[in-house]
Amino acid sequence: MRTIALVIVLIIPLLALGDDLGMSPSIQEVKKQNEKRLLDMPGVVSVGIGRDATGNQAIIVGLDAPNPKIEAKIPARLQGFPVVIQAIGSLKAQ
Amino acid sequence: MADDFDQIQGILGTHRQQLLKRANVVATGIGYKQTADAKTETLSIVCSVKEKVPAARLSRQDMVPSAVDGAPTDVVQTGVIRALQAPTGRFRPAPGGVSVGHASITAGTLGCWVIKNGQKVILSNNHVLANSNGAEIGDAIIQPGPFDGGSFPQDHIANLTQFVPISFQGEPSACQFANAVIAVFNLGCRMFGSNTRYHVSKIKAEDNLVDAAIAAPLNDADIKDEILNIGAIQGTVAGELGMAIKKSGRTTGFTTGVIQQVDVSANVQYGAERIAVFTDQLLAGAMSQGGDSGSAVLDDNNRLTGLLFAGSDTTTIINRIENVFSALGVSL
């Protein structure tokens with residue numbers, strides 16, 4: 001019993017420290033780490049943060065047109081965050 | 001009491017002229033009489049007035065009688081009735097939401113009036129007021145834009161005072177070190193009789209936050225500090241996911257949408273050849289077309305949240321207004 005209590009007491013600060021060290025990156029950080037690579041893929045026109053069909057925060061990748069080849073190269077999740085692909089068309093200055 | 005539509009129409013025909021002559025009356029028609037909040041089932045002659053005035057302040061001949069030949073009347077305040085003017089027209093004074101442009105472009109939208117060094121100036125996009133980096137400070141700004149028939153000097157409304165340069169991919173580099181190295185290479189090429197010469201290009205341009213510029217009016221009397229079909233701006237607000245937004249623009253007029261994405265990085269085409277990368281953008285659904293660029297984007301409470309500049313058939317891309325204001329050093 002004492003051992004368990006001791007272990008808990010020792011683990012709690014470690015968990016808190018883990019958060020401080022950024023062990024679970026935010027969706028903003030994950031998007032930032034991956035956006036250059038995504039935007040350099042042919043046909044990818046945008047990378048942003050929105051919501052998926054169930055309302056969860058998601059990384060949204062915009063394509064100039066539907067493109068199964070490129071879509072197959074985009075992971076369905078990035079570090080746990082859902083990735084949604086949308087064909088939004090070429091973005092032009094208006 | 002006359003409650004039959006045809007009968008009231010006849011009575012209105014007889015009395016229309018004398019009703020319209022009364023002070024404040026701007027229109028007459030037939031409608032259901034309205035009490036405080038509710039609509040009644042009683043057909044009446046509706047007199048629209050510029051403003052409702054207490055009976056005590058009206059002369060007898062200006063007062064709308066409570067009934068005319070047995071037909072009840074109703075007085076409704078509508079304000080002055082004006083012809084609706086298309087945003088592509090010439091406006092003096094000019095509000096936000098109307099056509100504007102540098103003399104070398106087609107037409108964009110005058111976003112709104114903002115303050116720079118104590119002076120009210122036009123806010124729009126670089127590619128509207130400064131021809132996508134192609135303009136000189138002091139160049140003439142035309143309202144309406146050239147595509148809408150505006151010309152110099154008749155429609156000259158302002159002069160370009162400042163723009164945030166757009167960084168395009170593959171442009172000649174301004175890096176002095178790289179250019180110096182290449183100059184040595186080219187000297188070598190010349191010395192050895194080669195016809196090859198090297199140029200330094202940016203492989204990846206710097207990221208852009210805004211496509212923005214301002215222009216100072218020639219005449220303060222040309223300033224109308226509100227937005228067509230929206231009204232006066234009530235401060236600013238940071239754009240957030242799910243926020244309902246609206247804009248008033250030169251091509252599609254008043255439209256509404258929702259912010260679907262934030263923190264957006266996007267590759268945006270300028271003409272057929274140039275691409276610029278933008279970061280920290282807002283993205284909404286279809287609410288604009290070519291010519292709407294420069295439109296001010298507001299929330300439901302008329303708070304300014306962005307500057308519209310790009311899009312596709314399904315999508316609208318918007319600069320955050322806080323980035324626009326800090327890049328240009330302007331405020332409301």
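**Chain A meets chain B**

Me: Polar contacts first. How many residue pairs are in polar contact between chain B and chain A?
Reply: In this predicted model, 17 residue pairs are in polar contact between chain B and chain A, both residues at pLDDT 80 or more.

Me: Which elements of chain B touch chain A?
Reply: Three strands of chain B give two or more residues to that side: S15 (253-270), S18 (304-311) and S19 (315-320).

Me: And which one gives the most?
Reply: S15(B), with 11 residues.

Me: What's the make-up of that side by class?
Reply: The side of chain B that touches chain A has 15 polar, 11 nonpolar and four charged residues.

Me: How many salt bridges across the contact?
Reply: Two between chain B and chain A. One of them links Asp263(B) to Lys31(A). The closest N and O atoms there are 3.4 Å apart.

Me: OK, area. How much is buried, and what share comes from carbon and sulfur?
Reply: About 2,000 Å² is buried between chain B and chain A. Carbon and sulfur atoms give 45% of that. The contact takes 24 residues from chain A and 30 from chain B.

Me: Back to S15(B). Does it pair parallel or antiparallel with S1 of chain A?
Reply: Antiparallel. Strand S1 of chain A, residues 44-51, pairs with S15(B) over three bridges. Within that pairing, Ile49(A) stands opposite Val262(B).

Me: Switching to chain B alone. What's the strand order in the four-stranded sheet?
Reply: S1-S2-S4-S3, in an open sheet with mixed pairing.

Me: Why do S1 and S3 of chain B have one side without a neighbour?
Reply: S1 (25-34) and S3 (67-68) stand at the edges of the sheet, each with a single partner strand, so one side of each stays free of a neighbour in the sheet.

Me: And the S2 to S4 pairing? How many bridges?
Reply: Five, with the strands running parallel. S2(B) covers residues 39-49 and S4(B) covers 71-77. Val49(B) has Gln77(B) as its bridge partner in S4(B).

Me: What packs on that sheet?
Reply: Helix H1 of chain B, residues 5-20. H1(B) touches S1, S2, S3 and S4 of chain B, and its direction makes about 155 degrees with that of S1(B).

Me: Next, S8 and S9 of chain B. What do they form?
Reply: A hairpin, with two residues between the strands. Asn117(B) sits in the turn with a positive phi of about 50 degrees. Five bridges join S8(B) and S9(B), which run antiparallel. Lys116(B) has Gln119(B) as its bridge partner.

Me: Where does S12 of chain B come in?
Reply: S12(B), residues 213-217, is joined to S9(B) by three bridges and runs antiparallel to that strand. Leu123(B) is bridged to Ile214(B) in S12(B).

Conventions:
Residues numbered from 1 in each chain as written. Chains lettered and ligands numbered in written order. Predicted model: local features only at pLDDT ≥ 70, side-chain atom pairs only at ≥ 80, totals over all residues. Heavy atoms only, no water. Contact = heavy atoms within 4.5 Å. Buried area = accessible area lost by both parts, 1.4 Å probe. Salt bridge = Lys/Arg side-chain N within 4 Å of Asp/Glu carboxyl O. Polar contact = N/O pair within 3.5 Å; in protein donor to acceptor, adjacent residues only side chain to side chain. Nonpolar A, V, L, I, M, F, W, Y, C, P; charged D, E, K, R; others polar. Pairing = 2+ DSSP bridges. Axes fitted to C-alpha atoms, helices over the stretch in contact; angles between N-to-C directions.
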